[in-house]
Amino acid sequence: MVAFFLTASAIMSDQSILFFATSSPTTLSPTDTIEVDVNINSKVPIDAVGASITFPPGQMEIVSVSKNKSLLDLWTEDIIVSEKEGKITFSGGTTAPNGHMGTGTLISFTLRGKTPGTAHISFEDFSIYPHD
């Protein structure tokens, strides 16, 4: 079994924006797959966001990535997966007249377990641009 933990991180010091990931279950056997949604909850309107997601490439691999459920409709950097580095990066924005406020999905990805152990998936290199 691969047990993995999704790390959520507050972005702004007043905690008005939060990145978080959701999936169920949080354990998978080697060769099993699971879909993870990368979400944002914003108490202030935003226009654009970018981030990197890291994962241990020795324990899991990315099977697919998707923008199908994304609130972003303008991509400044398409989703890039680096299996060797264990990293997913993306950057995009919304053309909604008042930006996005509330909870929404940014990207989704499917993981496959490779080896037993505990694995952490983390967010880093955040960029958030408030609506102006």
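Let's start with one side chain: Phe 123 is buried, at a relative accessible area of 10%, where buried means under 20%, exposed means over 50% and partly exposed lies in between, using a 1.4 Å probe and protein chains only. Its partner Phe 126 comes out as partly exposed, with 27% relative accessibility. The structure holds one aromatic pair, and these two make it: Phe 123 and Phe 126 sit 6.2 Å centre to centre with 40 degrees between the planes, a tilted arrangement. For the record, rings of Phe, Tyr and Trp (its six-membered ring) pair if their centres lie within 6.5 Å, with planes under 30 degrees apart called stacked, over 60 edge-to-face and the rest tilted.

Before going further, a word on what you're looking at. This is a predicted model, in which local features need pLDDT of at least 70 and side-chain atom pairs count only at pLDDT 80 or more, while totals for chains, interfaces and linings use all residues. Residues are numbered from 1 along each chain as its sequence is written, and side-chain values use heavy atoms, with hydrogens and water left out.

Now the overall layout. The protein chain has ten strands and zero helices, counting DSSP runs numbered from the N terminus (E, at least two residues, for strands; H or I, at least four, for helices). Of its 132 residues, 44% are buried. Take the contacts (heavy atoms within 4.5 Å) between residues at least 6 apart in sequence: 72% of them join residues at least 24 apart.

A good strand to follow is β9, residues 100-113. Ten of its 14 residues are buried, so the rest of the structure largely encloses it. Strand β5 (residues 33-54) runs antiparallel to β9 and is joined to it by eleven bridges; DSSP has to find at least two bridges before two strands count as paired. Strand β6 (residues 60-66) also pairs with β9 in the antiparallel sense, over six bridges. Thr 110 in β9 shows both pairings: Glu 35 stands opposite it, and so does Ser 64.

What about the nonpolar core, meaning a set of buried Ala, Val, Leu, Ile, Met, Phe, Trp, Tyr and Cys residues joined through side-chain atoms within 4.5 Å? The largest one has 26 residues, and those touching the most other members are Ile 53, Ile 88, Phe 90, Leu 106, Phe 109 and Leu 111. At least two core residues come from each of β5, β6, β8, β9 and β10 (117-130), with β5 giving the largest share, eight residues.

Leu 72 is worth a stop too. This residue lies in the loop between β6 and β7 (74-82), yet it counts as buried because its relative accessibility is 6%. Setting aside neighbours within four places in sequence, Leu 72 is in contact with Val 49, Phe 90, Gly 92, Gly 93, Thr 94 and Leu 106.

Finally, how far can you trust all this? Mean pLDDT for the protein chain is 83, and 83% of its residues reach 70 or more; pLDDT is the predictor's confidence in each residue, from 0 to 100. Among the elements, strand β8 (residues 87-93) has the highest mean, 96, and strand β2 (residues 9-10) the lowest, 43. Residues 8-14 have pLDDT below 50, and that stretch makes 13 contacts in the model beyond near neighbours in sequence. Where pLDDT is low, predicted coordinates shouldn't be read in detail.
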